[in-house]
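Q: Please show me how to read a structure like this, feature by feature. Give the general idea first, then the case at hand.

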Amino acid sequence: AQQFCRYPGSTEQPPLFLWGDSHADALQAAVQQLAQVRQMPLTVATFSACPPLLRGAGASQEPELCRTGNQAALAQIRATPGATVLLVARWSAYLLGRNENHEQDNDFLWTPDGSTRASAMPAPNRLADFRQALLDTSCALRDAGVKVLLLGPIPEVGISVASALARKSMYGSPQEIRVSKADYQHRNQ
């Protein structure tokens, strides 16, 4: 059985459910703090390299792990009618591949069956299938009687932040560790 992180709250408040990949996990503390302030019960289900979709996976993850984890999340959500479900993922990486300069492969690309040959799938087909998977997942959630919120992509700087900070500290490197709004919008359009 899948284990989820659960945080108590008031039974008077509608529950909150955070579902996603490692980007959702990175936001867990902030969402937990928000839920605590609002006295909302919170359940967290995060699976690295698995977008919160009822089918498919990023090629860097075992498709079966994504499938079983996401099916368990849906089952838990169905058992919590009236909840608000926040979907969080590294959305653009599943469609375009990683954007870090040091990454030369596209092992993150999503396919409907989680195939490791994701790069062989034409981008328009991937986009259409991903869009349909997201719509199907959203509809399944709404049919379960929950409110669905989709968080847009977290800005990614396209470099290894740890390495850039180390270079900056050691050598006084002037490298900027940020992403412009224009670059963010272009990548995530």
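**Reading the features**

Q: Where should I start: what is the relative accessible area of Glu 64?

A: Glu 64 has a relative accessible area of 44%, so Glu 64 is partly exposed. Buried means under 20%, exposed means over 50%, and partly exposed lies in between (1.4 Å probe, protein chains only). Two notes on the source. This is a predicted model: local features need pLDDT of at least 70, side-chain atom pairs count only at pLDDT 80 or more, and totals for chains, interfaces and linings use all residues. Residues are numbered from 1 along each chain as its sequence is written, and side-chain values use heavy atoms, with hydrogens and water left out.

Q: Which residue forms a salt bridge with Glu 64?

A: A salt bridge needs a side-chain nitrogen of Lys or Arg within 4 Å of a carboxyl oxygen of Asp or Glu. Here the partner of Glu 64 is Arg 67, with the closest N and O atoms 2.7 Å apart. Both residues lie in helix 3, three residues apart, about one turn of the helix. Helices (H or I, at least four residues) and strands (E, at least two) are DSSP runs, numbered from the N terminus. Arg 67 is partly exposed, at 43% relative accessible area.

Q: How does the span of helix 3 compare with what its 16 residues should give?

A: The expected span is 1.5 Å times one less than the number of residues. For the 16 residues of helix 3 that should be 22 Å, and the end C-alpha atoms are 22 Å apart, so the two agree.

Q: Which residues of helix 3 are buried?

A: Cys 66, Gly 69, Asn 70, Ala 73, Leu 74 and Ile 77 are buried in helix 3. Look down the axis: the buried residues fall within an arc of 135°, so they line one face of the helix. That arc is taken over the directions from the helix axis to the C-beta atoms.

Q: What do the buried residues of helix 3 pack against?

A: They pack against strand 2 (16-20), strand 3, strand 4, strand 5 and helix 5.

Q: Which cysteines form a disulfide?

A: A disulfide is a pair of cysteine sulfur atoms within 2.5 Å. The count comes to one. Cys 50 and Cys 66 form it, with sulfur atoms 2.0 Å apart. The angle about the S-S bond is -80°, and the link of Cys 50 and Cys 66 is left-handed. Cys 50 sits in the loop between strand 3 (42-46) and strand 4 (57-58), and Cys 66 in helix 3 (residues 63-78), so the pair ties together parts 16 residues apart in sequence. Cys 50 and Cys 66 are both buried.

Q: How far is the nearest cysteine sulfur from that of Cys 5?

A: That sulfur belongs to Cys 50 and is 16 Å away; Cys 5 is in no disulfide. Cys 5 is partly exposed, with a relative accessible area of 38%. Cys 139 is also partly exposed, at 44%.

Q: How many salt bridges does the count come to?

A: Four. One of them joins the side chains of Arg 55 and Asp 136, at 2.9 Å from N to O. This pair links distant parts of the chain: Arg 55 lies in the loop between strand 3 and strand 4, Asp 136 in helix 5 (residues 123-143), 81 residues apart. Arg 55 counts as partly exposed at 32% relative accessibility. Asp 136 counts as partly exposed, at 32%.

Q: Where do Arg 90 and Glu 156 lie along the chain?

A: First the bridge: their side chains meet at 2.3 Å, N to O. Arg 90 is in the loop between strand 5 (84-88) and helix 4 (91-96), and Glu 156 in the loop between strand 7 (147-150) and helix 6 (161-171), so the pair links distant parts of the chain, 66 residues apart. Are Arg 90 and Glu 156 buried or exposed? Both are buried.

Q: Which residues are linked with Arg 187 in a network of salt bridges?

A: Arg 90 and Glu 156 are linked with Arg 187 in the network. Arg 187 lies in helix 7 (residues 181-187). Its relative accessible area is 18%, so Arg 187 is buried. The C-alpha atoms of Arg 187 and Glu 156 are separated by 9.6 Å, and the two residues are 31 apart along the chain.

How values were computed. Contact = heavy atoms within 4.5 Å.
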